[in-house]
Amino acid sequence: PTGSDADKSKKSIGSLRMVWSYTRRYPAQIAAAVLGLALAAGATLAIPAGFKRIIDEGFVAGGGQDIDTYFHYLFMIVGVLAGATAVRFFFVSWLGERTVADIRRAVQRNLLRQAPAFFEENRPSEIASRMTSDTAIIEQIVGTTVSVALRNVVMGVGGTVYLFTLAPGLTGMMLVGIPLIIMPIVVLGRRLQAISRASQDRVADVGAMTTEVLGAMKIVQGFGQEEREAERFAGAVERTFATARRRIMIRAVMTSAVIALLFGAIVALLW
């Protein structure tokens, strides 16, 4: 990237490094989450192989006479999947909550060291809104998004290797078609990211404006500014809605494109 794109990329990486610097303080929990993630992904990939054993070895080769062993094997996989998923969910969620708690404490300590001029240029109500809304996004990223992304990566790599052992030709065709499916999603995803950031800013503006007006209600009523403040708040709400509407539209288009490209590729591959 060049210019502003490069600056945004460096800023995003810097933010992730900041979050990781707090998360890596808990290596035992990270190891437990990774272990649960690996076991859950492996068990998910093993389920189709379990059904394959039931059909090929239990019904076809064995004539359906002794299929209990194969169903026991499948039940074992389901048990491992359930337990590993619970472990992964607990430790990943724990890391998300703990990271956000540490970041909030660090931000609060940093705010207490700022000069009075800082609070003249930055409204305390907006700072408070950022402290709650922005850190909630960090919690979602650490506690959900990263876990789902890692799980999908492990399952994608493992599933591709398994498919190559079953049908190398069809798997090769699938890998050729994947970039054609991903490119539109990447383009729409970047646009959605920008709109989501703008939507978050508008929500923060509404929260800051509400706190500001309620905190100075005596002044507003004393100078008869109720109608002006109502119009100003209505304008902020409408801007928030307009930004959210653009975000919803992009997500709707992106969902339609993903479904059409994904299932269209599956149909074409089977054809």
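Colleague: What is the mean pLDDT of the protein chain, and how many of its residues reach 70 or more?

Modeller: Good place to begin, since this is a predicted model. The mean pLDDT of the protein chain is 84, and 93% of its residues reach 70 or more.

Colleague: Where in the protein chain is confidence lowest, and where is it highest?

Modeller: The lowest confidence is in α1, with a mean of 69. Helix α3, residues 68–112, has the highest, at 90. As a general habit, where pLDDT is low, the predicted coordinates should not be read in detail.

Colleague: Thanks, that helps. Let's turn to charges. How many salt bridges does the structure hold?

Modeller: There are 5 salt bridges in the structure. The idea is to look for a side-chain nitrogen of Lys or Arg within 4 Å of a carboxyl oxygen of Asp or Glu. Take Lys52 and Asp56: their closest N and O atoms are 3.3 Å apart, and the two residues form a salt bridge.

Colleague: Where do Lys52 and Asp56 lie?

Modeller: Both are in helix α2, 4 residues apart, which is about one turn of the helix. Lys52 is partly exposed, at 39% relative accessibility, and Asp56 is partly exposed too, with a relative accessible area of 35%.

Colleague: Which residue forms a salt bridge with Asp205?

Modeller: That is Arg202, and the closest N and O atoms of the pair are 3.2 Å apart. Asp205 and Arg202 sit in helix α6 (residues 168–215); they are separated by about one helical turn because they are 3 residues apart in that helix. Asp205 has a relative accessible area of 22%, so Asp205 counts as partly exposed. Arg202, with 25%, is partly exposed as well.

Colleague: Is Glu229 buried or exposed?

Modeller: Here a cut-off helps: buried means under 20% relative accessible area. Glu229 has 12%, so Glu229 is buried. Its salt-bridge partner Arg228, at 48% relative accessibility, counts as partly exposed. The side chains of Glu229 and Arg228 meet at 2.9 Å, N to O.

Colleague: Which residues are linked with Glu229 in a network of salt bridges?

Modeller: Arg228 and Arg232 are linked with Glu229 in that network.

Colleague: Now for the surface. Which residues form a positive patch there?

Modeller: The positive surface patch is made of Arg24, Arg25, Arg105, Arg109 and Arg113. To find one of them, Arg24, go to the loop between α1 (4–23) and α2 (27–61).

Colleague: And which residues form the nonpolar patch on the surface?

Modeller: Look for Ile55, Phe59, Val60, Phe71 and Phe75, which together have about 530 Å² of accessible area. Helices α2 and α3 each supply at least two residues of this nonpolar patch, and α2 gives the most, with 3 residues. Phe59 lies in helix α2 and counts as partly exposed, at 44% relative accessibility.

Colleague: I'd also like to compare places along the chain with places in space. How far apart are the C-alpha atoms of Met131 and Val107?

Modeller: They are separated by 8.0 Å, while the two residues are 24 apart along the chain. Met131 is in helix α5, residues 124–166, and Val107 is in helix α3. Met131 counts as buried, at 18% relative accessibility, whereas Val107 is partly exposed, at 33%.

Colleague: How far apart are Val107 and Ile250 in space?

Modeller: From C-alpha to C-alpha, Val107 and Ile250 are 33 Å apart, with a separation of 143 residues in sequence.

Colleague: Helix α6 came up earlier. Where is Gly207, and what separates Gly207 from Ser129?

Modeller: Gly207 has its place in helix α6 and is partly exposed, with a relative accessible area of 28%. Along the chain, Gly207 and Ser129 are 78 residues apart, and their C-alpha atoms are separated by 6.4 Å.

Colleague: One last residue: is Ile195 buried or exposed?

Modeller: Ile195 is buried, with a relative accessible area of 6%. Ile195 also belongs to helix α6. Between Ile195 and Thr243 the C-alpha distance is 6.9 Å, and 48 residues separate them in sequence.

Notes. Residues numbered from 1 in each chain as written. Predicted model: local features only at pLDDT ≥ 70, side-chain atom pairs only at ≥ 80, totals over all residues. Heavy atoms only, no water. Patch = residues over 30% accessible without salt bridge, like charges linked within 9 Å, V, L, I, M, F, W, Y side chains within 5 Å. Areas by Shrake-Rupley, 256 points an atom, 1.4 Å probe, with all protein chains shown as cover. Lys, Arg positive; Asp, Glu negative; His and termini not counted. Charge placed at Lys NZ, Arg CZ, Asp CG, Glu CD. pLDDT = per-residue confidence, 0-100. Buried < 20%, exposed > 50% of the residue type's maximum accessible area, 1.4 Å probe, protein only.
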